[in-house]
Amino acid sequence: MASAILYAIFESINRFSGPGQIVLSLGLAGTGILLILMGQNLLFLLKPDTGFLLTFGSILSASGILGFILLYPDAWFYPKVAYVILAYGAGILLLLCDIMLQQFRNVPNPIHCRSEPANINSIDTMSSGEKQLTAALSSMMVSQMIHPANEFSGWSSTCHENEMFVCDADIITDGTEKSKTCETGTATESVPETMFPETMIDLNPEPPETIEETATTTDIIEKGVVAVIDVKNFLSMKRTDIKKDDHMREAAHKILRFHFGRMIKHERGTMLGKDIEELHDMRVAAMRMRSVLQVFNGHLDMDTMKPVFRNIKATRRSLGAVRDLDVFMEKIQHYIGSLPQQRTSELDELAGTLLIERDKARGLMLLHLDSTKYDKFKLKFTKVLEKGGKWEESLVDRDGRSLPHRVRDVLPSLLYNELAKVRAYDDLVHEDETSFEMLHALRIDVKILRYTLEFFEEVLGEQTKDLVKDLKALQDNLGDIHDAVVAIELLENYLKCGKWGSGEGKTAGENMMLSDPGVENYLKYRKNEVVELLEAFPEVWAKVMDPAFGVRFSNVIAELYQN
């Protein structure tokens, strides 16, 4: 253990360190822990009925360390690494159990200790103190393993709409302590999911047409407290059902319920990782909920919503890190498909690096989705969405004057304001050297305008779809430009530093790869892509700036005043 700590200090080990440095430091730490536990076991007389715990614990722990070494680096990702972690964890658990059993039996004499001389006071010896310290540490470690702070995490929505919390001693309904019991009434017992969803096997797979019906429940188990909440209303929503006379805050409530249901619906598929579109759909739902903050600014209770939006942003980022690498890999596959047969392997090394980076990002994403913080967010947000009174909007200001609050009265000015923000870029995009930062800002404003139209499509009419189509074409063009610019920067840093990611603070070593013909060719391809996208930009931009677009935009808004 001392060698592992010294190595980590002198090498400044962190999450950006090289894989070799990380595996060496973890290997030293794991070996140290194994030797310490074995040493503690050997201090006591072995009994025939507990000796197998030491034997199998040592074998499993050693096999875990060996498994990491054999799998590294080519196969050091899910699901194989999960089996190695389970084997290593099981080994450590057996060794701890052996220590606990030996302490409970209160073995008086360690096998390597000689009898104490008569003239030495036993109080001055270390035997008694060592035994007490070992017993205390062992009891604490075993207690922590038996009753961890966050044993499992999941999500469930199979029972009554009232919230119920079931703990070891109390039942608390709606935040009020009721009785000292462990009964759960009619609540459906939930089974926690494994930390590594790829290892799960569905013994009774449902046919494709019933997947949507069966994917409407999740389980939350939070710090030993089971929370059963009915979210069927969120998951079954086919539309927001916004009305023209709804208050703006009420409309925001409906939109958040709808997209929260979409996010939860795709959560399980995202964690399983079999279809990358599940992750994409979950991320889109999180992005749309995040956009509600901008669209409905001034109509929300920000004291309540700010913590919610911070958690939504964190979720969106964890999903986005994986999604960005998925898109990057799709671009590479498209590029490789256009190459002659003899050149299809020239990006194999880069593709392998990206797969490792994706596995890292996916691991962090799973940690986030399986965390107590994320479960608390879903629990609290569900409670907020279920409280109808919290979504009532004030009709007057502090001076007693009436405030605009109905959708039909507020939405027109809101839409025209968002359109004006987009059209304000017209002078900037015609400059000789258009900056990519400006185009990125334009993409964000176009996205907000598009989302606003989509949020209120039910009250704006069918013509909204044509407007959204033109805005989506512009947003896609700007998004592809942004993705290509970011890809160029990452590829240039990769060639410069030999590592993936930002090049800040990284320098190439003497033996570091400084050039790769395949990557250099792909870099030229992405630069040409930016040129082509910039050439296509004026056409999609002209559709939004065309007077006919403004007329159609006004006709859509006029629908708000139709009966």
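**Lys244 and the salt bridges of a predicted model**

User: Where does Lys244 sit in this model?
Analyst: It's a predicted model, so let's place the residue by its flanking elements. Helix 7 covers 232–235 and helix 8 covers 248–265. Lys244 belongs to the loop between helix 7 and helix 8.

User: Which side chain of opposite charge is nearest to Lys244, and how far away is it?
Analyst: Lys244 is buried, yet it has no salt bridge. A salt bridge needs the nitrogen and the carboxyl oxygen within 4 Å. The nearest candidate misses that: it's Glu559, at 5.3 Å.

User: Which backbone oxygen lies 2.7 Å from a polar atom of the Lys244 side chain?
Analyst: Glu559 does offer its backbone oxygen, but that one lies 2.8 Å from a polar atom of the Lys244 side chain. Lys244 also touches Gln562, along with residues including Arg406 and Val459. The 2.7 Å partner is the backbone oxygen of Gln562.

User: Is Lys254, the salt-bridge partner of Asp246, buried or exposed?
Analyst: Asp246 and Lys254 meet at 2.8 Å, N to O. Asp246 has 7% relative accessibility, so it counts as buried. Lys254 comes in at 17%, and the cut-off for buried is under 20%. So Lys254 is buried.

User: How many residues apart are Glu529 and Lys331?
Analyst: Their salt bridge has its closest N and O atoms 3.4 Å apart. Glu529 is in helix 19 and Lys331 in helix 11, so the pair links distant parts of the chain, with a separation of 198 residues.

User: How many salt bridges are there by this rule?
Analyst: Some are joined up: Glu267, Asp375 and Lys378 are linked in a network. Glu492 and Lys527 make another bridge, at 3.5 Å. The count comes to 20.

Definitions and conventions
Residues are numbered from 1 along each chain as its sequence is written. This is a predicted model: local features need pLDDT of at least 70, side-chain atom pairs count only at pLDDT 80 or more; totals for chains, interfaces and linings use all residues. Side-chain values use heavy atoms; hydrogens and water are left out. Helices (H or I, at least four residues) and strands (E, at least two) are DSSP runs, numbered from the N terminus. Buried means under 20% relative accessible area, exposed over 50%, partly exposed in between (1.4 Å probe, protein chains only). Lys and Arg count as positive and Asp and Glu as negative; His and the chain ends are not counted. A polar contact is a pair of N or O atoms within 3.5 Å; within protein, one must be able to donate a hydrogen and the other to accept it, and residues adjacent in sequence count only if both atoms are side-chain atoms. Contact means heavy atoms within 4.5 Å. Lists of a residue's contacts leave out its neighbours within four places in sequence.
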